[in-house]
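Subject: The structure you asked about

Hi,

Here is the model I promised to pass on. Have it open while you read, and my notes follow underneath.

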Amino acid sequence: MKKYIFIGRVLPYLPKIINYPVVASLNPSKKGSLGFKIQKSIVTAELEIDHIESELTALKSVEQTIQGLVDAYSFLSGDSYEVRMEAIKREDKIDVFKGREFREFLPNLTDDELPKVEFLMSFAVEHMSLRFALSNFKNAKHYTAYTGLYIYLVVENIKKYFYPIDLKNEGKEWLGLRQKLSLSREDIDFVKTFADHVRHGKYQDISGKDNTKILTLGAGIIYKFYKYLLDLHNYDNKIN
């Protein structure tokens with residue numbers, strides 16, 4: 001087995017010392033063990049495992065496992081704590097992992113086509129559907145085991161924008177969503193397959209490739225909704 005040491009922190013400051021020499025395997029499909037310690041809000045985790053798809057995937061799996069245990073402390077304490085695993089410790093250095101920017105998911109967009117923060121924030125204030133979608137996309141990037149669930153929530157958030165006023169046409173919002181934003185049923189169903197198990201309290205393994213595909217679909221849906229709102233308001237995407 002190979003050993004990995006990850007470093008992170010708990011926000012806000014967590015005064016309690018939490019020490020788990022061995023927690024358990026990361027998930028039912030992988031052999032290995034994880035132990036961690038939290039002291040002065042700094043997390044040090046040691047993972048022993050036969051194989052990992054990537055260091056980033058392993059870091060996120062470790063983060064989510066520790067988060068689940070810290071959530072138990074949050075539940076009893078009344079405070080909300082968030083675990084952020086940020087780096088991997090090597091023999092001679094510490095490498096910090098960087099977050100994934102929007103452009104990584106839609107690399108073919110030109111500078112003029114990228115969403116402008118001024119418009120995006122304005123639309124988020126005006127439209128609750130977009131505000132919730134952006135929040136769920138953030139969670140999808142952070143909690144990789146639940147990426148499918150959160151991106152499916154993105155779909156449902158934006159779908160509600162197209163909810164018909166006439167309740168006789170209830171259910172047509174799915175059709176409106178697909179038609180107005182040019183979304184395929186296949187893409188939505190693909191995301192849903194990674195949401196259903198989690199929604200019903202079951203574990204579902206997700207590869208780095210599928211994780212990226214789902215995030216790309218989610219980023220694309222939010223971008224199409226942004227473009228739809230631009231056209232609706234007759235705005236030019238360029239800011240002078």
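Below is what I found, going from charged pairs to rings, then the core, and finally a few backbone oddities. Please keep in mind that this is a predicted model.

**Charged pairs**

Searching the whole structure turns up 12 salt bridges. I'll walk you through three that sit inside helices, plus a network.

Start with helix α1, which covers residues 55-77 and holds both Glu63 and Lys60. These two form a salt bridge, with 3.3 Å between the closest N and O atoms. They are 3 residues apart, or about one turn of the helix. Are the two partners buried or exposed? Glu63 has a relative accessibility of 2%, so it counts as buried. Lys60 comes out at 14%, which also puts it under the 20% cut-off for buried.

Next is helix α7 (residues 185-193), where Asp189 and Arg185 are 4 residues apart, again about one helical turn. Their side chains meet in a salt bridge at 3.5 Å, N to O. Here Asp189 is partly exposed at 33% relative accessibility, and Arg185 is partly exposed too, at 48%.

The third pair is in helix α8 (residues 196-199), with Asp196 and Arg199 placed 3 residues apart, about one turn of the helix. The N to O distance in this salt bridge is 3.2 Å. Asp196 has a relative accessible area of 22% and therefore counts as partly exposed; Arg199, at 44%, is partly exposed as well. Elsewhere, Glu55, Arg90, Lys93 and Asp95 are joined into one network by salt bridges that share partners.

**A lysine without a salt bridge**

Have a look at Lys116, in the loop between α2 (102-105) and α3 (117-126). This residue is buried but has no salt bridge. Which side chain of opposite charge is nearest to Lys116? That would be Asp112, at 5.3 Å. A salt bridge needs the atoms within 4 Å, so this pair does not make the list. What the Lys116 side chain does reach is backbone: the oxygen of Asp111 at 3.3 Å, and the backbone oxygen of Asp112, likewise at 3.3 Å.

**Rings**

On the aromatic side, the count comes to 16 pairs. Ring pairs tie Phe102, Phe119, Phe123, Tyr223 and Tyr226 together into a cluster. There is also a charge over a ring: Lys213 lies over the face of Phe190, 4.0 Å from the ring centre.

**The core**

In soluble globular proteins, nonpolar side chains tend to be buried together. In this model the largest nonpolar core has 42 residues. Which of them touch the most other members? Those are Phe137, Ile151, Ile158, Leu177, Leu181 and Phe225. At least two core residues come from each of α3, α4 (128-142), α5 (147-159), α6 (173-181), α7 and α9 (208-233). The biggest giver is α9, with 12 residues.

While you are in helix α6, find Gly176. With 16% relative accessibility, this glycine counts as buried. To get a feel for the span of the model, compare the position of Gly176 with Ile5: they are 171 residues apart along the chain, and their C-alpha atoms are separated by 48 Å.

**Backbone oddities**

Three spots may catch your eye when you trace the chain. The peptide bond joining Leu11 and Pro12 is cis, with omega at about -10 degrees. Pro12 sits in the loop between β1 (2-11) and β2 (18-20).

Then there is Lys40, which has a positive phi of about 55 degrees without being a glycine. Where is it? Lys40 is in the loop between β3 (32-39) and β4 (42-49), and its 60% relative accessibility makes it exposed.

Ser182 is another non-glycine with a positive phi, also about 55 degrees. You'll find Ser182 in the loop between α6 and α7. At 57% relative accessibility, Ser182 counts as exposed.

That's everything from my side for now.

Cheers

Technical notes
Residues are numbered from 1 along each chain as its sequence is written. This is a predicted model: local features need pLDDT of at least 70, side-chain atom pairs count only at pLDDT 80 or more; totals for chains, interfaces and linings use all residues. Side-chain values use heavy atoms; hydrogens and water are left out. Buried means under 20% relative accessible area, exposed over 50%, partly exposed in between (1.4 Å probe, protein chains only). Rings of Phe, Tyr and Trp (its six-membered ring) pair if their centres lie within 6.5 Å; planes under 30 degrees apart count as stacked, over 60 as edge-to-face and the rest as tilted. A charge sits over a ring if NZ of Lys or CZ of Arg is within 6 Å of the ring centre and within 35 degrees of the ring normal. Lys and Arg count as positive and Asp and Glu as negative; His and the chain ends are not counted. A polar contact is a pair of N or O atoms within 3.5 Å; within protein, one must be able to donate a hydrogen and the other to accept it, and residues adjacent in sequence count only if both atoms are side-chain atoms. A nonpolar core is a set of buried Ala, Val, Leu, Ile, Met, Phe, Trp, Tyr and Cys residues joined through side-chain atoms within 4.5 Å.
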